[in-house]
Amino acid sequence: MQDKIYSLPQNPVSNFQFDEKVAAVFPDMIKRSVPGYATVISMISVFAREFSQKESLCYDLGCSLGAATLALRHGIHQPECSIVAIDNSAAMIQRCKQHLDFDSSNVAVKLICGDIENISIKNASIVVLNFTLQFIRPAQRLALLEKIYRGMLPGGVLILSEKIAFSNQSRQTLQTELHHSFKRANGYSDLEISQKRTALEKILIPETISAHQERLLTAGFLTAETWFQCFNFVSLLAFK
Ligand code: GEK
């Protein structure tokens, strides 16, 4: 179903929520809004093949409809390796369950409707935060990464994908303009782009790559390598 949520003028534009309306159009919304999303999802399968460990857990934190969960599921080739997928939107979890039920893989998935700030992480070989940390209040981000780090096995990897900001104003302007141009090329109008931006302003807080890298190292990770970037969207690999 096509995303038309911001196609008509809204006054005022209310804060973005991951409700039923968003869940219903989410695959179309994320594909047309996040440059490189399909590439990131397919590489999560490659990372799962490479880094999943036997008798471990792989976590998908902020799983939405389970695109990264399915990518993990099809990449895992280790015995007794299963997945825990969590989201705090009931609408997302309900639809995610249907997507998983249609999938033929026999890697077990435990689906949880809950807040990733409150769940425990243990025995993890892979943790995925695919465009989710950006919705966690900045003051809580280090505590979440520290919890993830503590719950990971040696050699485990965190895949962190985020919308980012730039400290240099002209880079910020250029990359934002390119992102908007990407959205226009995918059929979004200027009204849709501007209303979505307003709706997300207080909800999605981007930070610079170096802020993310420094925080990952502070949390204990050995490395925080950028493996993907398209405009103001990046994905990092952080190893324990
Ligand atoms: C994908 N990873 O398709 N606890 C649990 N879930 C949360 C929390 C929280 N505190 N905060 C936000 N979410 C997915 C895409 S979308 C990214 C992730 C986007 C959830 C929220 O309900 C939503 O489903 C998801 O994080 C972010 O690979 O929409 O830009």
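Let's start ahead of the first helix. Pro-12 sits in the segment before α1, which spans 20-33. Keep in mind that this is a predicted model. The peptide bond joining Asn-11 to Pro-12 is cis, with omega at about 0°.

Stay in this part of the chain for the second largest pocket. Its space comes to about 150 Å³. Which residues line the second largest pocket? Ile-5, Tyr-6 and Gln-10 do, along with Ser-14, Asn-15, Phe-16 and Gln-17, and then Asp-19, Lys-21 and Val-22. By class, the lining has 4 nonpolar, 4 polar and 2 charged residues.

Now move along to the loop between α2 (37-51) and β1. Glu-55 lies in that loop. Its phi is near 55°, a positive value, and this residue is not a glycine. Is Glu-55 buried or exposed? Its relative accessibility is 52%, so Glu-55 counts as exposed. The cut-off for exposed is over 50%.

Next, strand β1, residues 57-61. Here 5 of the 5 residues are buried, so the strand is largely enclosed by the rest of the structure. Take the two faces in turn. One side carries Leu-57, Tyr-59 and Leu-61, and these are buried. The other side carries Cys-58 and Asp-60, and they are buried too. Both faces of β1 are therefore covered, in line with a strand that is largely enclosed.

What does β1 pair with? One partner is β2, residues 82-87, in the parallel sense over 5 bridges. Within that pairing, Cys-58 has Ile-83 of β2 as its bridge partner. To get from β1 to β2, the chain passes through helix α3, residues 67-75. That β-α-β crossover is right-handed.

Another partner is β4, residues 124-130. It runs parallel to β1, and 4 bridges join the two. Asp-60 of β1 finds its bridge partner in Val-128 of β4. Cys-58 and Asp-60, then, are on one side of β1. Cys-58 bridges to β2, and Asp-60 bridges to β4.

One last stop, further along the chain. Phe-231 is in the loop between β6 (225-230) and β7 (233-239). Its phi is positive, about 55°, although the residue is not a glycine. How does its accessibility class come out? Phe-231 has 27% relative accessibility, so it counts as partly exposed. Set that beside Glu-55, which counts as exposed at 52%.

That's the tour. Questions are welcome.

Notes. Residues numbered from 1 in each chain as written. Predicted model: local features only at pLDDT ≥ 70, side-chain atom pairs only at ≥ 80, totals over all residues. Heavy atoms only, no water. 1 Å grid on protein atoms, 1.4 Å probe; cavity = no way out; pocket = protein on both sides within 12 Å on 5 of 7 lines; lining within 4 Å. Points joined across faces, edges and corners; volume = space filled by probe spheres on them. Nonpolar A, V, L, I, M, F, W, Y, C, P; charged D, E, K, R; others polar. Buried < 20%, exposed > 50% of the residue type's maximum accessible area, 1.4 Å probe, protein only. Pairing = 2+ DSSP bridges. Right-handed = clockwise from strand over helix to strand, strands pointing away.
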